[in-house]
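Trainee: Could you take me through one part of this model closely? I would like to start with a strand pairing and then follow the contacts outward.

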Amino acid sequence: MHTTITRGALALVLAAVATPAIAQSMEDHAAHAEKAATQPMEQPAQCKKHAEHMAAMNDDVAGAEAVLTAYRNALTGRDADAMTALFAEESFVYENGKDEGSFTNYMEHHLGPELDAITSFSFGEPTMTITRMGHLAYGRETYTYRIELADGRVIDREGVATSVLTHDANGWKIVQYHSSSRPPRNQ
């Protein structure tokens with residue numbers, strides 16, 4: 001059986017279901033929800049303008065990239081306050097196969113105590129790719145790093161990280177960070 005849906009019927013379904021549901025789910029787009037309630041069907045020019053807005057928003061990754069770069073810089077500077085400011089209150093950190101909990105927990109029970117033992121921390125060969133999807137972005141990073149400890153030990157590693165960031169009125173925050181590392185292949 002072949003069912004044909006007329007353009008008018010499709011518009012009615014989309015106006016009644018999809019547009020208000022999508023508009024109401026995006027906090028920053030309250031105007032869209034208000035408009036959907038009074039004018040459920042957008043005109044073609046308005047649809048094009050909204051599509052252009054969404055495309056431009058999705059292409060804008062500079063803010064998310066700046067947060068991940070700031071995190072790397074705060075690590076090398078061993079600046080706990082700067083790192084903490086980059087994470088959402090409800091965040092998740094995973095490192096080398098271990099669930100570290102929130103960033104606050106990670107800082108209190110893992111990274112924080114390590115910062116005191118580090119005399120030098122440097123990154124080399126960093127790469128970063130950010131993909132933005134509306135009010136979320138995800139980042140993929142590769143890098144090498146070198147840590148020199150107060151007891152004379154030196155740790156050289158190759159690392160990777162993936163991040164999920166969210167954007168709100170206060171800017172970008174990391175909500176999930178997952179990193180892992182291994183000794184360099186040439187050793």
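Mentor: Start with Tyr94. Its bridge partner is Asp99, which sits in S2. Keep in mind that this is a predicted model. The bridge belongs to a pairing between strand S1, residues 87-95, and strand S2, residues 98-101. The two strands run in the antiparallel sense, and three bridges join them. Together S1 and S2 make a hairpin, with two residues between them. Look at the turn. Asn96 is there, and its phi is positive, about 45 degrees. Most residues other than glycine have a negative phi.

Two other residues show a positive phi. Arg78 has one of about 55 degrees, although Arg78 is not a glycine. Find Arg78 in the loop between H4 and helix H5 (80-85). Its relative accessible area is 31%, so Arg78 is partly exposed. Glu125 also has a positive phi, near 50 degrees. Glu125 lies in strand S3. Its relative accessible area is 66%, so Glu125 counts as exposed.

Now go back to the hairpin and move to Ser179. This residue is found in strand S6. Ser179 touches Tyr94, Glu95 and Asn96. Ser179 also touches Tyr143, Val160 and Ala161. That list leaves out residues up to four places away in sequence. Is Ser179 buried or exposed? Its relative accessible area is 11%, and the cut-off for buried is under 20%, so Ser179 is buried.

Follow one of those contacts, Tyr143. At 9% relative accessibility, Tyr143 is buried. Tyr145 is buried as well, at 15%. The ring centres of Tyr143 and Tyr145 are 6.2 Å apart. Why is the pair called tilted? The planes meet at 45 degrees, and tilted covers what is neither under 30 nor over 60, so this pair is tilted.

The model has eleven aromatic pairs by this rule. Another of them joins Tyr71 and Tyr177. Their centres are 5.0 Å apart, and 75 degrees separate the planes. That makes the pair edge-to-face. It also links distant parts of the chain. Tyr71 is in helix H4, residues 62-76, and Tyr177 is in strand S6, residues 171-182. The two are 106 residues apart. Tyr71 is buried, with a relative accessible area of 4%. Tyr177 is buried too, at 7%. Ring pairs also draw these two into a cluster with Phe87, Phe103 and Tyr106.

Tyr106 and Tyr145 bring us to the largest pocket. Both are among the residues that lie nearest its centre, along with Glu95, Glu114 and Ile147. You have met Glu95 already, as a contact of Ser179. The volume of the largest pocket is about 460 Å³. How many residues line the largest pocket? The lining has 22. Of these, 14 are nonpolar, five are polar and three are charged.

Where does the lining come from? H4, helix H6 (103-117) and strand S3 (118-133) each supply at least two residues. So do strand S4 (136-149), strand S5 (154-168) and S6. H6 gives the largest share, five residues.

Terms used
Residues are numbered from 1 along each chain as its sequence is written. This is a predicted model: local features need pLDDT of at least 70, side-chain atom pairs count only at pLDDT 80 or more; totals for chains, interfaces and linings use all residues. Side-chain values use heavy atoms; hydrogens and water are left out. Rings of Phe, Tyr and Trp (its six-membered ring) pair if their centres lie within 6.5 Å; planes under 30 degrees apart count as stacked, over 60 as edge-to-face and the rest as tilted. Helices (H or I, at least four residues) and strands (E, at least two) are DSSP runs, numbered from the N terminus. Buried means under 20% relative accessible area, exposed over 50%, partly exposed in between (1.4 Å probe, protein chains only). On a 1 Å grid over the protein atoms alone, a cavity is a set of points where a 1.4 Å probe fits but cannot get out, and a pocket is an open set with protein on both sides within 12 Å along at least five of seven lines; lining residues have an atom within 4 Å of a point. Grid points are joined across faces, edges and corners, and a volume is the space filled by probe spheres set on the points. Ala, Val, Leu, Ile, Met, Phe, Trp, Tyr, Cys and Pro count as nonpolar, Asp, Glu, Lys and Arg as charged, and the others, Gly among them, as polar. Contact means heavy atoms within 4.5 Å. Two strands pair if DSSP finds at least two bridges between them.
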